[in-house]
Structures are given as C-alpha cells and as structure tokens.
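Please go through this model with me, from the core outward. Keep the viewer open as you read.

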Amino acid sequence: MSSSISFKKFELPPLPYKVDALEPYISKDIIDVHYNGHHKGYVTGANTFMERFNKVIKGELQSGQYDIQGLMRGIVFNINGHKLHALYWDNMAPAGKGGGQPGGALADLIVKQYGSYDKFKQVFTETANSLPGTGWTVLYYDTENGNLEIMTFENHFMNHIAELPILLILDEFEHAYYLQYKNKRADYVTNWWNVVNWDYAEKKLQKYLK
C-alpha cells in the first residue's frame, strides 16, 4: 500500500479576538488556558490519533497491535473537542458587539417558537444549569422542519443530533469557567449571555433557511 496515503492534519484556528476581549465576563486567564491549553490539546490529540489510524490503514500496525474501539473513541473525542471549541470561540464577541438580543430571522423564529426572547433565554439557561457533569448546551436549527431545538450533550460524545447545524453553543466543562467562577457554574452561564455573538448565529442560520 502506498506510503503517501495520509489524512490532512487539523490546525488550531486563530482566536477571533484578543485573549482579554471578553472581560469582565470571561477572564483573560481563562481564555488563555482554555484556548492555548485545552483547545490546542484537542488538536494535538486529534492529529496523534489520526496518525495512528493512518498506520493501521497502511498496514504498519497489525491486528493485535492496536485497539480499534479505543482508537475510534480517541478520534471522536479529540476531533469533536476541537470542532466544538472552534464554534464556541466564534459564537462569542467582545462587549459592544456581543450580548443584547438577536435580530433578523433568528429573532423571528425565537418569538414564533418560544413566545418571546426572554422565555427562550430562560429555557436555554435552565437547560444549561441542568447539565450533569461536564459538556455543552447548544441551539440547533433542524433543517427538516425549521425547529430551533435546545439540547445538552455530555462530554464530547453523548446526545448529539446527527446533521443538525449548531447556531449557539455554551461550553460547560470546568476549564471554561473554574478559574474565575470556581464552582458557581450558574454565574458563568448568566454572564455568558453578555458575550453571545448573535450576528454569527444569524449568519449561520441564513445558510440553512429554505
């Protein structure tokens, strides 16, 4: 089998703002550790696992020399960790650009399906605070029926709905808030609304509207 067979490597995308841009709601220290430590670690992990997978494909590792289940789990965990964090950074913006309320088609859909923005925010916040352990809270746009669907999923694996684009995403791993908020995750969730990039969510939605 050709030795040139390989997968393209994943790369750490640049932050869309400076590390202190989300203060006071999310501190410079958190962004630094979160981005340069955790997110970068997922990119490195994804490339490491894919490199090992490539060796399996090329026959450089024989049956019995690798655990395919563990290999696949490592691939999914790290690739998803990388991609979810990339969405998370883009889904926030500094004060002045972030926060407030959505406009455009997203605002119209929220009012149509949730009654009001305040009710939507309440339900999203309650959902986020209900998450056991660590994971994410997301707002999906369901391309099948136009629903805005709120869901939590644990870790980087559990409860993800296939093929649905994410419009809004909140990281609830401890590394996203603990340096600043300690064990008060609800305070972090409350303050996160001040940096939500609604323009990004609206542009994402526009790609899928029929």
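Is E172 buried or exposed? E172 is buried, because its relative accessibility is 0% and buried means under 20%. The model is a predicted one.

## Overall layout

The protein has 210 residues, and 44% of them count as buried. It holds seven helices and three strands. Read from the N terminus, the order is α-α-α-α-β-β-β-α-α-α. The C-alpha atoms fill a box of roughly 60 × 40 × 30 Å along the principal axes.

Take the contacts with a sequence separation of 6 or more. Of these, 71% join residues 24 or more positions apart. The accessible surface comes to about 11,000 Å². Carbon and sulfur atoms account for 50% of that surface. The protein carries 21 positive and 23 negative charges, and their mean positions lie 5 Å apart.

## Two salt bridges

The structure holds two salt bridges. One joins R185 and E172, with 3.3 Å from N to O. This pair links distant parts of the chain, 13 residues apart. R185 sits in helix 6, residues 185-192. E172 sits in the loop between strand 3 (166-171) and helix 5 (178-181). R185 is buried, because its relative accessibility is 12%. E172, at 0%, counts as buried as well.

The other bridge runs between K58 and E60. Their closest N and O atoms are 3.5 Å apart. How exposed is E60? E60 is partly exposed, with a relative accessible area of 47%.

## Around L167 and N91

L167 is part of strand 3. It counts as buried, because its relative accessibility is 0%. Which residues does L167 contact, beyond its neighbours within four places in sequence? They are N91, L106, L139, Y141, L148, A201, K204 and L205. The C-alpha atoms of L167 and Y88 are separated by 10.0 Å, while the two residues are 79 apart along the chain.

N91 lies in the loop between helix 2 (68-90) and helix 3 (104-114). This loop residue is buried, because its relative accessibility is 1%. Leaving out residues up to four places away in sequence, N91 touches L167, L168, I169, V195, V196, N197, Y200 and A201. L167 and A201 are among the contacts of N91, and A201 is also one of the contacts of L167.

## The segment before helix 1

P24 lies in the segment before helix 1. A cis peptide bond joins E23 to P24, with omega about 5°. Most peptide bonds are trans.

S27 is in the segment before helix 1 too. Is S27 buried or exposed? S27 is buried, because its relative accessible area is 15%, and the cut-off for buried is under 20%. S27 touches V19 and Q180, not counting residues up to four places away in sequence.

## Surface patches

D20, E23, D29 and D32 form a negative surface patch. E23 thus appears twice here: in this patch and at the cis bond to P24. D29 belongs to helix 1, residues 28-58. D29 is exposed, because its relative accessible area is 51% and exposed means over 50%.

A nonpolar patch is made of I5, F7 and I57. Together these residues have about 220 Å² of accessible area. I57 is in helix 1, as is D29 of the negative patch. I57 is partly exposed, with a relative accessible area of 32%.

## Positive phi angles

Most residues other than glycine have a negative phi. E163 has a positive phi, near 70°. Where is E163? E163 lies in the loop between strand 2 (148-154) and strand 3. E163 is exposed, because its relative accessible area is 76%.

K182 also has a positive phi, of about 55°, although it is not a glycine. K182 lies in the loop between helix 5 and helix 6. At 44% relative accessibility, K182 counts as partly exposed.

Definitions and conventions: Residues are numbered from 1 along each chain as its sequence is written. This is a predicted model: local features need pLDDT of at least 70, side-chain atom pairs count only at pLDDT 80 or more; totals for chains, interfaces and linings use all residues. Side-chain values use heavy atoms; hydrogens and water are left out. Patches are made of residues with over 30% relative accessible area and no salt bridge: like charges are joined within 9 Å, nonpolar side chains (Val, Leu, Ile, Met, Phe, Trp, Tyr) within 5 Å. Accessible areas come from the Shrake-Rupley method with a 1.4 Å probe; for residues, only the protein chains shown count as cover. A salt bridge is a side-chain nitrogen of Lys or Arg within 4 Å of a carboxyl oxygen of Asp or Glu. Lys and Arg count as positive and Asp and Glu as negative; His and the chain ends are not counted. The place of a charge is taken as NZ of Lys, CZ of Arg, CG of Asp or CD of Glu. Helices (H or I, at least four residues) and strands (E, at least two) are DSSP runs, numbered from the N terminus. Buried means under 20% relative accessible area, exposed over 50%, partly exposed in between (1.4 Å probe, protein chains only). Contact means heavy atoms within 4.5 Å.
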